[in-house]
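Q: Please take a close look at one part of this model, and then set out in connected form what can be said of a second part. A formal account, residue by residue where possible, would be welcome.

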Amino acid sequence: MRNNRKVRMNRLFGNGRCLDVAIDHGVCNEPTFLNGLEDMEGVVRTLVAAAPDAIQMNYGQADLLQNVAGKEKPALVMRIDMGNPYNPVRHRDMWAVLQNQAEPLVGAIELDAACVVVNLFMLPDEPDLFRQCVENISRVRADCEKYGMPLMIEPLVMQPVTERGGYMVDGDADKIVTLTRLAREMGADIVKADPTTNAEDFHRVVEAARCPVLVRGGGKEDLRAVFDKSAALMRQGAMGMVYGRNIYQHSNPGAVVRGLMAIIHDDASGEDAYARYQQG
C-alpha cells in the first residue's frame with residue numbers, strides 16, 4: 001500500500017509544502033475554542049474559497065468539505081483521536097482515546113482523507129496519558145501501513161497546569177526534539193510540532209523528524225507576529241504550518257490564509273505576507 005500513501009502525500013503537499021487549517025477543535029470540549037466555529041458550514045465555505053492546501057476536521061463534520069463539488073478543494077486531514085488536556089483545569093483522570101476503537105481508519109477512508117492525525121501528549125506527572133497516546137499510535141500505525149494512509153503525529157510537550165492556567169506549550173527545544181524523535185521512531189509520516197521558543201533552534205526538530213514537519217500554531221496571537229514567526233520557522237526547514245484559531249477566529253480568515261500561503265509557497269517574508277493580508 002505504499003503507492004496509496006504516496007498518492008495521498010502528493011495530494012497534501014502540492015509543491016512539497018502545506019498549509020493545513022485546523023477546525024477540529026470541537027473534540028477538545030473547551031468552549032473558548034469554539035468561538036468562530038459556531039457556523040461550520042459557513043466556515044468551510046470561507047476556507048474552501050481561500051484555498052489552503054488542507055483542512056483538518058473530525059469525522060462528524062468532514063462531510064461539509066467532501067460534499068463540495070469539484071476537484072479544486074483542499075485535501076482533508078482527519079483527526080481520529082480526542083483527549084481532555086485543553087481545559088484550564090487539571091482533571092482527576094487525564095485521557096486520550098481513539099474516536100473509533102474498533103476500526104480507527106474507517107471514517108478517514110470513507111471520506112477520502114489525505115492523512116490522519118493523532119496526539120502524543122507529554123504532560124508533567126501524567127505518565128498514564130502518555131502511555132495511552134503511545135498505545136493509540138501503535139494501533140493506528142498498523143492500520144495506516146495496511147491501507148496506505150499517511151500518519152501525522154502531533155507531539156505536544158506542555159507546561160504544568162499551574163504555570164499559566166492550563167496546559168500550555170513548553171517551547172523547550174530539547175523536549176520538543178526528544179518527543180519529535182519518538183514520533184518518528186513510532187512511524188510518523190508527518191510531524192506536527194510546536195515551535196521552539198527560539199525559532200533559530202527549530203532546525204533541530206526538522207533534523208530529528210526525518211520527515212515533513214508542519215508547525216503547530218496554537219493560541220491566537222498578534223497577526224504580524226504570526227507571520228514573522230512563520231517565515232522564520234520556514235527558513236529553519238519546516239514544510240508548512242497548521243493554524244486554527246489564528247485563522248478561524250480572525251475577522252477575515254481568507255486574507256490570513258493568503259498571507260500564510262505566500263510564506264509557505266512563495267518564501268515571502270513576514271512583512272510581505274502582512275502586506276498581502278492587508279490587501280484583503
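A: **Cysteines and helix H12**

The sulfur of cysteine 211 lies 11 Å from the closest cysteine sulfur, which belongs to cysteine 115, and this is too far for a bond. A disulfide would require the two sulfur atoms to be within 2.5 Å. These values come from a predicted model. Cysteine 211 is also buried, since its relative accessible area is 14%, and the cut-off for that term is under 20%.

In the structure as a whole there are zero disulfides. Cysteine 144 accordingly takes part in none, and its nearest cysteine sulfur, again that of cysteine 115, is 8.8 Å away. Cysteine 144 has a relative accessibility of 0% and therefore counts as buried.

The second part is helix H12, which spans residues 270–278 and has Gly270, Ala273 and Tyr277 as its buried residues. Viewed down the axis of H12, these buried residues fall within an arc of 65°, and they therefore line one face of the helix. The cover over the buried residues of H12 includes two other helices, H9 (223–235) and H11 (253–266). On the face of H12 turned away from the buried side stand Glu271 and Gln278, both exposed; exposed here denotes a relative accessible area over 50%. After H12 comes glycine 280, which has a positive phi, near 85°.

How values were computed. Residues are numbered from 1 along each chain as its sequence is written. This is a predicted model: local features need pLDDT of at least 70, side-chain atom pairs count only at pLDDT 80 or more; totals for chains, interfaces and linings use all residues. Side-chain values use heavy atoms; hydrogens and water are left out. Buried means under 20% relative accessible area, exposed over 50%, partly exposed in between (1.4 Å probe, protein chains only). Helices (H or I, at least four residues) and strands (E, at least two) are DSSP runs, numbered from the N terminus. The arc is that of the directions from the helix axis to the C-beta atoms. Contact means heavy atoms within 4.5 Å.
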